[in-house]
2 protein chains.
Amino acid sequence: MSEYHAPVKEMLFALRDLGNLAAVNRLPVFADATPDLVEAVLEEAAQLATEVIAPTNVIGDTQGSRVENDEVVVPGEFKAAYDQFVESGWCGIAQSEDYGGQGLPYLVGLATQEMWKSANMAWSLCPLLTTGAAHAIESHGDQALREKYLPNMISGKWTGTMNLTEPQAGSDLAAVRSQAVPEGDHYRVTGQKIFITWGDHNMTENVIHLVLARLPDAPEGSRGLSLFLVPKYLVNDDGLAAERNGVKPVSVEHKLGIHGSPTCVMAFDDAIGYIVGKPHHGLAHMFTMMNHARLGVGLEGVSISERAYQQAREYAIERIQGQMPGVKGRVSIIHHPDVRRMLMTMKCQIEAMRAVVYMTGAALDLAHGAEDEAERQKYQARVDLLTPVVKGWATETGQNLTSLALQVHGGMGYVEETGVAQHFRDARITTIYEGTTGIQAGDFVGRKLLRDGGQSLQVFLADVQETCVELERHGDSLATIRSALLDGCTALVASAETLMAQFQKDPAMPGAISFNLLMLMGVLTGGWQMARSAIVASDLIAEGRDKEFHEAKVITARFYAEHIMPGIGAYKKAIESGGELVMALKEDQF
Amino acid sequence: MSEYHAPVKEMLFALRDLGNLAAVNRLPVFADATPDLVEAVLEEAAQLATEVIAPTNVIGDTQGSRVENDEVVVPGEFKAAYDQFVESGWCGIAQSEDYGGQGLPYLVGLATQEMWKSANMAWSLCPLLTTGAAHAIESHGDQALREKYLPNMISGKWTGTMNLTEPQAGSDLAAVRSQAVPEGDHYRVTGQKIFITWGDHNMTENVIHLVLARLPDAPEGSRGLSLFLVPKYLVNDDGLAAERNGVKPVSVEHKLGIHGSPTCVMAFDDAIGYIVGKPHHGLAHMFTMMNHARLGVGLEGVSISERAYQQAREYAIERIQGQMPGVKGRVSIIHHPDVRRMLMTMKCQIEAMRAVVYMTGAALDLAHGAEDEAERQKYQARVDLLTPVVKGWATETGQNLTSLALQVHGGMGYVEETGVAQHFRDARITTIYEGTTGIQAGDFVGRKLLRDGGQSLQVFLADVQETCVELERHGDSLATIRSALLDGCTALVASAETLMAQFQKDPAMPGAISFNLLMLMGVLTGGWQMARSAIVASDLIAEGRDKEFHEAKVITARFYAEHIMPGIGAYKKAIESGGELVMALKEDQF
């Protein structure tokens with residue numbers, strides 16, 4: 001069974017040394033979130049993650065959950081960990097102080113989330129969904145709804161869900177059929193929802209569902225959906241959860257992984273619900289949370305890879321097998337170059353992904369909190385540009401890395417009791433939920449590049465170019481990093497130009513190249529942050545600070561440049577191939 | 001639940017149209033294995049695979065196996081399918097006629113194996129291991145052993161196993177500790193073996209174990225291992241399995257996948273055994289079978305990908321989701337370019353892998369059966385060169401492709417009942433057993449390139465160059481295939497030169513670059529065969545034969561050239577990075 005040790009030092013490097021925290025601290029509202037405070041917060045969270053939450057991971061995987069008397073029953077250890085999590089106030093750490101949150105930056109919340117996700121990804125989905133639902137209610141609900149529901153959701157006393165998917169409506173939410181009929185000051189909601197994460201459970205006294213449904217007069221398609229709040233237990237005027245509402249879990253899915261997270265089929269049968277926001281604007285209301293949720297899932301790519309990497313590293317250091325020229329007797333397998341290649345491949349991409357997710361998190365804080373409207377817009381554009389990249393690239397990468405971690409274990413990796421296979425299985429959902437990689441790629445190419453004619457990409461590229469200039473200052477020692485980054489920028493520019501030049505002639509082309517363009521952008525963004533990491537680390541070495549740690553940073557960044565960045569060339573060539581071959585076969589030629 | 005339809009037309013293309021069968025037919029011993037006969041054999045096998053074996057796949061996955069009264073109990077459906085398989089004579093189809101086999105080419109046996117493996121990979125391991133064990137006994141056992149054991153193993157009445165691994169001896173077999181003490185005409189074998197595939201079961205009346213153990217006077221290390229035949233039931237002079245021997249299964253592993261294949265911990269306790277071949281030559285004797293076993297596992301990459309692809313294709317055609325410019329109403333997801341990209345990525349690599357495995361299989365037949373010693377040596381060198389490539393590249397690719405097949409299903413792919421997750425889980429063992437990808441890569445670089453100074457690689461490259469010349473004849477229509485193949489050859493030559501030039505200066509370098517060089521070679525070899533496929537298909541189109549099918553072949557080959565071959569550039573650059581960065585970190589810097 002694998003232990004987890006929160007990599008606080010690595011996290012602080014990405015938060016503090018890469019400048020993300022400083023950017024957020026410039027906002028007056030977050031001026032108090034000093035590096036020292038944040039370090040203390042992380043240390044405290046690390047203790048909870050390591051000692052309390054991480055040990056529940058295997059329990060959730062092996063016991064799973066079941067439906068009993070119209071309620072989902074989860075392992076008792078889950079509830080114990082959850083209670084402690086709520087009691088220590090972690091649920092609302094980055095949420096509004098108006099309703100009892102602690103008001104820390106989203107960036108800091110992300111860093112704590114990284115630890116919950118590493119500790120037990122399945123379990124961590126429960127607070128993730130609660131935060132998302134609370135955010136939607138705060139953004140779009142009326143004052144009465146907010147006062148009635150938010151304090152208990154932000155504290156974690158109640159949890160929240162998102163009820164979007166139906167059997168015929170997965171990626172295509174326009175096909176949602178659930179109905180909501182007005183009745184006095186509320187609505188009656190009826191329909192079946194599937195794939196509802198933490199749709200029900202016995203950890204808290206109430207569960208607050210957000211449900212997409214159609215009003216009787218709703219137009220067809222995605223502009224006819226409204227958002228409803230449907231509590232598991234109706235809440236009386238004293239704020240107490242009283243009578244059971246007409247919603248129940250029908251079954252939980254038997255899944256490849258995240259067994260600890262109950263994925264429910266939910267039945268709504270004349271359930272009392274309250275509209276959130278404007279009629280027919282439900283999808284738009286949900287989309288305002290999308291950046292948070294997708295960044296959260298992208299972060300899962302970091303977290304699950306980190307946990308798997310830790311286990312592989314430990315195994316590689318302990319497992320004795322084979323010999324090595326120049327060394328007497330048998331050696332631990334970390335001496336074998338191909339094992340090191342696997343560990344370096346994991347390490348460098350985990351660090352790249354973490355830096356990119358944190359940078360995007362800081363941008364989200366600035367998009368919300370910057371004083372100047374133009375600055376808010378600038379950061380919002382950056383968040384919009386990077387969100388599908390983070391979600392798609394970091395989860396695809398996470399799958400490769402958990403697979404590599406399993407591979408380091410040889411035959412033992414294939415035995416479930418070793419524990420690394422769980423990470424491999426758990427990771428496999430991340431490229432699917434909150435929008436598949438294909439959906440992210442389509443969003444990136446369609447909404448984030450074509451819609452603004454590549455403007456926000458230009459601004460992004462200018463920032464990367466600045467790093468290229470800085471790299472010059474370090475001469476030969478970072479030369480391969482610089483040339484890889486320059487090549488990457490050239491490839492991105494060329495690929496974006498191909499897209500802009502051809503999309504009108506060939507309507508299938510943007511979709512056909514979207515995956516490759518998304519991955520190219522992800523690898524490049526990671527390379528940019530690793531380049532910055534190398535610059536910062538080199539400067540810290542020059543100042544004589546923690547030489548071993550920062551030398552490892554430089555080496556790891558070089559490894560990324562020389563082993564991972566070359567993948568950009570392959571993506572670029574596939575993009576040049578365009579849409580024709582992708583679409584050439586008839587259905588029966590497959 | 002997924003059905004399986006054996007792709008006989010695709011298999012015949014790779015066997016017949018790509019010239020592999022003709023190469024084997026030139027051997028007098030295989031002159032009778034005409035295309036018509038082979039087609040009939042494949043059709044018959046396809047029926048058994050599709051109707052009898054494939055339906056047991058989910059049963060094995062969900063029921064698994066257990067130890068009861070010192071015996072492994074497998075699902076009853078497995079025994080029923082096995083009995084039918086043995087009765088129809090499939091077990092010994094490519095084995096020696098001297099002991100009751102049908103004496104068909106190994107190549108044809110491979111094609112039938114592809115179907116068993118697609119139908120039920122876990123189940124198919126039982127005959128695979130039996131064939132391997134029989135082959136070892138035939139090659140190295142004395143006449144008495146052969147007569148006593150081979151007929152029942154070749155018919156499949158008894159099955160065989162390979163007992164190599166011990167807890168401290170995985171990739172490093174030199175560390176094996178099991179002991180064998182002489183006693184009269186036999187030996188007493190004692191020790192514990194782990195990860196023994198089909199180590200025991202209740203499908204047949206006897207199981208014949210081949211066991212690596214040390215004689216009392218054995219030198220240390222790998223040159224001190226001998227090979228023993230240890231039957232589960234001792235065989236009396238009438239050839240009947242009588243008294244139980246001192247070997248039993250202790251437990252079966254709880255694995256990520258191939259649940260239907262019992263992976264046993266085996267205890268040998270003073271078990272009666274018979275030496276196979278020469279004392280202290282056990283490892284060498286096992287290695288003579290390695291090419292067969294490793295090709296067989298490489299083929300699993302094809303088989304499991306094919307099955308997963310079939311399921312993804314069916315889902316993509318049936319699942320209605322989303323809209324498409326220019327099409328009214330909702331469409332099946334195969335209309336979406338990114339879904340097509342995934343299907344094409346699967347299709348083109350499955351065809352490439354199949355062609356490479358069959359070509360290597362034909363070379364193995366020629367290496368054994370060619371009349372001329374020089375020709376035998378030439379083909380043996382080709383088999384030796386390509387075996388680690390097939391094993392490593394096809395299994396790594398198979399993992400990517402089963403993952404893509406799952407991705408095509410979206411959320412449904414993550415639900416176990418859909419069935420595609422099983423293929424993803426099953427595939428995950430293939431890069432581990434019969435030598436991990438790292439072991440294959442080390443074998444390729446060390447034994448297959450450095451040992452002969454790159455000679456057999458030169459011969460290989462000359463053959464690829466011939467195809468490049470042929471491509472010129474087809475002008476523009478195959479131009480991107482030609483340029484990708486030429487680029488690939490240049491990259492391989494440059495990478496091999498880097499290796500030859502630097503390995504003496506930097507002892508870690510060969511191991512550090514080995515994975516990338518192996519994958520480069522695999523992608524290129526696949527590209528070569530796809531180029532040949534495009535040439536053959538173009539010529540058949542010109543002759544007016546099955547235009548739709550052969551046009552799909554050309555398009556698929558072009559897709560491979562434009563989407564898969566660019567990966568070669570990335571491998572090449574990683575190889576150029578050498579060994580330094582891979583080895584740079586200290587253990588505690590990870």
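A residue counts as buried if 20 or more other C-beta atoms lie within 10 Å of its own. That cut-off is used in the legends below, and the model they describe is predicted.

**View 1. Strand β5 of chain A is mostly covered.**
β5(A) takes in residues 186–197. Nine of its twelve residues are buried. Strand β4 of chain A, residues 179–183, runs antiparallel to β5(A). Five bridges join β4(A) and β5(A). On the other pairing described here, β5(A) meets strand β11 of chain A, residues 263–276. Eight bridges join β5(A) and β11(A), and again the two run antiparallel.

**View 2. β4 and β5 of chain A make a hairpin.**
Two residues sit between the strands β4(A) and β5(A). One residue in the turn is Gly184(A), with a positive phi of about 60°. Which residue stands opposite Glu183(A) in β5(A)? His186(A) does.

**View 3. Strand β11 of chain A pairs with β5(A), with β7(A) and with β10(A).**
β11(A) is mostly covered, with ten of its 14 residues buried. Start with β5(A). Tyr187(A) has Gly273(A) of β11(A) as its bridge partner. Gly191(A) has Phe268(A) of β11(A) as its bridge partner. Next comes strand β7 of chain A, residues 226–231. β7(A) pairs with β11(A) in the antiparallel sense over three bridges. Here Phe228(A) is matched by its bridge partner Ile275(A) in β11(A). Last is strand β10 of chain A, residues 247–252. Five bridges link β10(A) to β11(A), also in the antiparallel sense. Pro249(A) has the bridge partner Met266(A) in β11(A).

**View 4. Helix α5 of chain A has its buried residues on one face.**
α5(A) covers residues 76–87, twelve in number. At 1.5 Å a residue, the helix should span 16 Å. Its end C-alpha atoms lie 17 Å apart, which agrees. Which residues of α5(A) are buried? They are Glu77(A), Phe78(A), Ala81(A), Tyr82(A) and Phe85(A). Seen down the axis of α5(A), these buried residues fall within an arc of 135°, so they line one face of the helix. What do they pack against? Their partners are α3 (35–53), α4 (56–63) and α7 (121–140) of chain A. Just after α5(A) comes Gly89(A), where phi is positive at about 80°.

**View 5. Leu125 of chain B is a buried residue in a helix.**
Leu125(B) belongs to helix α7 of chain B, residues 121–140. Why does Leu125(B) count as buried? There are 24 other C-beta atoms within 10 Å of its own, and 20 or more are enough for a residue to be called buried. Leaving aside neighbours within four places in sequence, Leu125(B) is in contact with Thr197(B), Trp198(B) and Ser261(B). Leu364(B) lies 239 residues away from Leu125(B) in sequence. In space, the two are 21 Å apart, C-alpha to C-alpha.

**View 6. Asn206 of chain B is a buried residue in a loop.**
The loop runs between β5 (186–197) and β6 (207–213) of chain B. Asn206(B) has 20 other C-beta atoms within 10 Å, so it is buried. Not counting residues up to four places away in sequence, Asn206(B) touches Trp158(B), Pro231(B), Lys232(B), Tyr233(B) and Ala241(B). Met153(B) is 53 residues from Asn206(B) in sequence. Their C-alpha atoms are 9.5 Å apart in space.

**View 7. Chains A and B touch.**
How many residues does each chain bring to the contact? Chain A gives 73 residues and chain B gives 73 residues. Several helices of chain A each supply at least two residues of the side that touches chain B, among them α9 (282–318), α11 (373–408) and α16 (509–542). The largest share of that side, eight residues, comes from α10(A). The residues of the side of chain A that touches chain B divide into 33 nonpolar, 24 polar and 16 charged.

**View 8. A rotation superposes chain A on chain B.**
The rotation is 180°, with 0.0 Å of shift along its axis. The RMSD is 0.0 Å. That is the relation of a two-fold axis. The same surface serves both copies, as 100% of the contact residues of chain A recur in chain B.

Note on methods. Residues are numbered from 1 along each chain as its sequence is written. Chains are lettered from A and ligands numbered from 1 in the order in which they are written. This is a predicted model: local features need pLDDT of at least 70, side-chain atom pairs count only at pLDDT 80 or more; totals for chains, interfaces and linings use all residues. Two residues are in contact if their C-beta atoms, placed from the backbone, lie within 7 Å. Helices (H or I, at least four residues) and strands (E, at least two) are DSSP runs, numbered from the N terminus. Ala, Val, Leu, Ile, Met, Phe, Trp, Tyr, Cys and Pro count as nonpolar, Asp, Glu, Lys and Arg as charged, and the others, Gly among them, as polar. The expected span of a helix is 1.5 Å times one less than its number of residues. The arc is that of the directions from the helix axis to the C-beta atoms. Copies are superposed by least squares on the C-alpha atoms of residues with pLDDT of at least 70 in both. Two strands pair if DSSP finds at least two bridges between them.
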